Amino acid sequence: MGEVHPDFIQTLEHQPKLDITEAEGIPLIDLSPLNSLDFDTDALARLVAEIGDACKNWGFFHVINHWVPLQALEKVDLTSRKFFALSRDEKRKVRRSRANPVGYSDFGITKNNSDWKEVFDSIIEDPIVIYASDEPDDKELKELHNQWPQEVCEGYNAEMQKLSNKLMKLIALSLGLEKDRFDGFFKEPTTFTRLNYYPASPDPQSTLGLRVHKDAGALTILVQDDVGGLEVKRKGDDEWISVKPIPGAYIVNVGDLIQIWSNDKYESVEHRVKANSEKERYSIAFFLNPSHYIWVEPLEEFINEENSTKHKGYRWGKYYATRKLSNFKKVVTAGNC
């Protein structure tokens, strides 16, 4: 593997500890009441309460009995492993660019630092529309297109959309809203699936697979392999704890949009991915994002004399364009291995 390029070296404050606490108490939520033919309103009420507690106290939770077919996940996972095993020249044939920031990247950037990973992004609706630039006054729109056959992820994406829709309804109910309160925000979603590949790192002490960050969208639904590496900053004591993979479970985390819409009733939390010196790691993340034209601000249900607006409004599509295009403002000369 050789030496680590300076672009990947994290500052001292962000370098991970090699001895990390394993998470205890992260909620494990059984979604089977949603799928029961004998629908139990009491079971639904308990489920809504569990979702609310998880969002408020953790911002992360596992879900089981989600009804996402194992075959759909296995197909995408196999495709991911085959793709990342290709030569770098082959993978770069579908490399993302400023003109079309969808596809492969042999580097990741989080808060202007290079992550020790490779990624492949696939939008769930082809095309999607975003703003053509991150200039505030530029109203021009452009389309983004997949660079890979859409059918590879189609079945999986369809199942994840069903799951994310269920989760958003549960979150709405847990906030005291109508279950379909968020539906209108996702009529033309900018949602995407990201395949992640984390090569083994020669220096896991000074590198990170994914730097400390919060997710910008509504929800992230993640499946990680048995290598693990995801770490979350626990509320209350700000300790970094390791999220152990659970076979058959998805990890769900609240994004910035839910924090804003709920006017801070629920908060997104910081997380990162630790590099591994011995094993490569794979994960698949589904990022639920709204339509490009949605104006994001706290919902009126959470604004009153006691609770003023805690966030300024912004256009999601402009923010999304800024996030997508910012990666191309930093030139990275290093490879991942």
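Which residue in S15 does Ile221 stand opposite? Keep that question in mind while you walk through this predicted model, beginning with the whole protein and ending at single residues.

**The whole protein.** Show everything as a cartoon and colour by secondary structure, where you will find 7 helices and 19 strands. If you then switch on the surface, you are looking at an accessible area of about 15800 Å², of which 49% belongs to carbon and sulfur atoms. Of the 337 residues, 55% count as buried. Among contacts between residues at least 6 apart in sequence, 80% join residues that are at least 24 apart.

**Strand S12.** Select residues 219-224, which make up strand S12, and notice that this strand is mostly covered, with 6 of its 6 residues buried. Show the side chains as sticks and turn the view slowly: Leu219, Ile221 and Val223 point one way from the strand, while Thr220, Leu222 and Gln224 point the other way, and the residues of both groups are buried.

**The partner S15.** Add residues 250-254, which form strand S15 and pair with S12 in the antiparallel sense over 4 bridges. Here the opening question is answered, for when you label Ile221 and look across to S15, the residue standing opposite is Val252.

**The partner S17.** Now add residues 281-288, strand S17, which also pairs with S12 in the antiparallel sense, in this case over 6 bridges. Label Leu222 in S12 and look across to S17, where Ala285 stands opposite.

**A last view.** Keep S12, S15 and S17 on screen together, so that you can trace the pairing of S12 with S15 and the pairing of S12 with S17 in one picture.

Methods. Residues numbered from 1 in each chain as written. Predicted model: local features only at pLDDT ≥ 70, side-chain atom pairs only at ≥ 80, totals over all residues. Heavy atoms only, no water. Buried < 20%, exposed > 50% of the residue type's maximum accessible area, 1.4 Å probe, protein only. Helix = DSSP H or I, 4+ residues; strand = E, 2+ residues; numbered from the N terminus. Pairing = 2+ DSSP bridges. Contact = heavy atoms within 4.5 Å. Areas by Shrake-Rupley, 256 points an atom, 1.4 Å probe, with all protein chains shown as cover.
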